[in-house]
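User: I would like to see how labels such as buried or stacked get attached to a model. Can we go through some, with the reasoning each time?

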Amino acid sequence: MSACRAPRRLTSRSRIALLAAGAAVASLTLSACGEGASGGSSQTGYVQGKNGFATVKKGQRQPAPDLSGETTTGKQLDVADYKGKVVVLNVWGSWCGGCIAEAANFTKVANETKGKGVQFIGINTRDAAKSQANSYEEQHKVPYPSLFDPPGKLLLRFPKGSLNPQLIPTTIAFDRDGKIAARAVGPLSEDGLRKMVDPLIAEK
């Protein structure tokens, strides 16, 4: 008897799951597109600045989605548990050149703002194994946890019209009320990261 079997037909549910995972990957391989348009719209409520940086006024922010699951080190994490803190969410992969370029900046700012009520959290995506993510975290001395999300399912949970992840790396900041406040598309400098975080630290 042959060890090879004919592939099974996909059920409708399987097809939908595969399409959703494919959409997540496709949506995160878009280019950064350089300069962003100024302004925004009444529907989205955000103001798009240059270089993919966007912010939302306090009264117009949408709640962050449910982001929970297993981390790269096998622990359970729920982003909602950090409500009351400013949360900086960084979407990254060990294979991503832009992520490597910004890694030292995130390590430095995360360490320096920890005492100011800021919690950094990563979402590791498209790494086939946790060992790849762990090697990256050890090499760059990443001081904060990351959810392990190879197919990008967590990234699809952001509400339509919100500041959602659009490529890797993307950085999204939540205010102390657990609402989506800012997004930076592409690798961030230390100065750029501080410009995102400092206004949220100062909010009352």
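Analyst: Yes. Keep in mind that this model is predicted. Let us start with Thr171, which lies in strand S8 (residues 170-174).

User: Why is Thr171 called buried?

Analyst: The cut-off for buried is under 20% relative accessible area. Thr171 has 0% relative accessibility, so the label buried applies.

User: What touches Thr171, leaving out residues up to four places away in sequence?

Analyst: Its contacts include Val88, Leu89, Asn90, Phe106 and Arg183. Ala182, Ala184, Leu188 and Met196 are also on the list.

User: What makes the link between Thr171 and Asn90 a polar contact?

Analyst: The limit is a pair of N or O atoms within 3.5 Å. The side chains of Thr171 and Asn90 are joined at 3.0 Å, so the pair passes.

User: Arg183 came up there. What is its bridge partner in strand S2?

Analyst: Arg183, in strand S9, is the bridge partner of Ala54. S2 (residues 53-56) has Ala54 and Val56 on its covered face. Phe53 and Thr55 are on the uncovered one.

User: How do you know that S2 and S9 (residues 180-185) count as paired?

Analyst: Pairing needs at least two bridges. S2 and S9 have three bridges, so they pair, and the sense is antiparallel.

User: Now the rings. How many aromatic pairs are there?

Analyst: The count comes to four aromatic pairs.

User: Why is the pair of Trp92 and Tyr136 called stacked?

Analyst: Ring centres must lie within 6.5 Å, and planes under 30 degrees apart count as stacked. Here the centres are 4.4 Å apart and the planes are at 20°, so the pair is stacked. Trp92 lies in strand S5 (residues 86-92) and Tyr136 in helix H3 (residues 130-139), so the pair ties together parts that are 44 residues apart in sequence.

User: Are Trp92 and Tyr136 buried or exposed?

Analyst: Trp92 has a relative accessible area of 3%, so it is buried. Tyr136 is at 8% relative accessibility, so it also counts as buried.

User: What makes the pair of Phe158 and Phe174 tilted?

Analyst: The ring centres are 6.4 Å apart, within the 6.5 Å limit. The planes are at 45°, which falls between the limits of 30 and 60 degrees, so the pair is tilted. Phe158 is buried at 7%, and Phe174 is buried at 2%.

User: Which residues form an aromatic cluster?

Analyst: Phe106, Phe120 and Tyr144 form one cluster.

User: How do you know that Arg126 lies over the face of Trp95?

Analyst: The distance limit is within 6 Å of the ring centre. Arg126 is at 4.5 Å from the ring centre of Trp95 and lies over its face.

User: Why is Glu190 called partly exposed?

Analyst: Partly exposed covers values between 20% and 50%. Glu190 has a relative accessible area of 23%, so it is partly exposed. Glu190 is in helix H4 (residues 190-202).

User: What is Glu190 in contact with, beyond its neighbours within four places in sequence?

Analyst: It is in contact with Asn105, Lys108 and Val109. Its side chain makes a polar contact of 3.4 Å with the side chain of Lys108. The C-alpha atoms of Glu190 and Val109 are separated by 7.1 Å, though 81 residues apart along the chain.

User: Last one. How many disulfides are there, and are Cys96 and Cys99 buried or exposed?

Analyst: The count of disulfides is zero. Cys96 has a relative accessible area of 4%, so it is buried. Cys99 has 1%, so it is buried.

Conventions. Residues are numbered from 1 along each chain as its sequence is written. This is a predicted model: local features need pLDDT of at least 70, side-chain atom pairs count only at pLDDT 80 or more; totals for chains, interfaces and linings use all residues. Side-chain values use heavy atoms; hydrogens and water are left out. Buried means under 20% relative accessible area, exposed over 50%, partly exposed in between (1.4 Å probe, protein chains only). Helices (H or I, at least four residues) and strands (E, at least two) are DSSP runs, numbered from the N terminus. A polar contact is a pair of N or O atoms within 3.5 Å; within protein, one must be able to donate a hydrogen and the other to accept it, and residues adjacent in sequence count only if both atoms are side-chain atoms. Contact means heavy atoms within 4.5 Å. Rings of Phe, Tyr and Trp (its six-membered ring) pair if their centres lie within 6.5 Å; planes under 30 degrees apart count as stacked, over 60 as edge-to-face and the rest as tilted. A charge sits over a ring if NZ of Lys or CZ of Arg is within 6 Å of the ring centre and within 35 degrees of the ring normal. A disulfide is a pair of cysteine sulfur atoms within 2.5 Å.
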